[in-house]
Amino acid sequence: MATMKIKKDDLVKVIAGKEKGKEGKVLAVDTKNNTVLVEGVNIVHKHSKPSMQNQQGGIIEKEAPIDISNVMYLYKGKPVRVGFSGEKSNKVRVAKVNGKTEVID
């Protein structure tokens, strides 16, 4: 399985789809389905019945997953491509900016 280039708590920008142009923090990454949950992006309405946890019931707004190919990592406020550098023991993520690579974390 390949390593994911986007991680939890990264800032990303949506580059495709109905939410194009929005930015947010990654809440969760699903490696099996190649999807991410981005804060404030792809909001759906879920209708819930009253229960013991939710006495009121009603319509709940929550984020839905978006395909990982539709988001780009934000580096210094600009969307950039992400790659990896180094051997297996000391592999780091790098941002590909203007033909150069800069270490992200």
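## Lys25 and Asp9

Lys25 sits at 34% relative accessibility, so it counts as partly exposed. This is a predicted model, and in it Lys25 pairs up with Asp9 in a salt bridge, with 3.9 Å between the closest N and O atoms. That just makes the 4 Å cut-off for a salt bridge. Lys25 belongs to strand E2 (residues 23-30), while Asp9 is in the segment before strand E1 (11-14), so the contact ties together parts that are 16 residues apart in sequence.

What about the other partner? Asp9 is also partly exposed, with 49% relative accessibility. The cut-off for exposed is over 50%, so Asp9 stays in the partly exposed class at 49%.

## Glu19 and Lys22

Next up is the salt bridge between Glu19 and Lys22, where the closest N and O atoms are 2.6 Å apart. Is Glu19 buried or exposed? Glu19 has 12% relative accessibility, so it goes down as buried. Its partner Lys22 comes out as partly exposed, at 39%.

## Glu102 and Lys76

Glu102 and Lys76 also meet through their side chains in a salt bridge, at 3.7 Å from N to O. This pair links distant parts of the chain, 26 residues apart: Glu102 is in strand E10 (residues 100-103), and Lys76 is in the loop between strand E7 (71-75) and strand E8 (78-85).

The loop residue, Lys76, is exposed at 70% relative accessibility. On the strand side, Glu102 is partly exposed at 27%.

## The whole count

How many salt bridges does a search of the whole structure find? It turns up four, and the pairs described above are among them.

Note on methods
Residues are numbered from 1 along each chain as its sequence is written. This is a predicted model: local features need pLDDT of at least 70, side-chain atom pairs count only at pLDDT 80 or more; totals for chains, interfaces and linings use all residues. Side-chain values use heavy atoms; hydrogens and water are left out. Helices (H or I, at least four residues) and strands (E, at least two) are DSSP runs, numbered from the N terminus. Buried means under 20% relative accessible area, exposed over 50%, partly exposed in between (1.4 Å probe, protein chains only).
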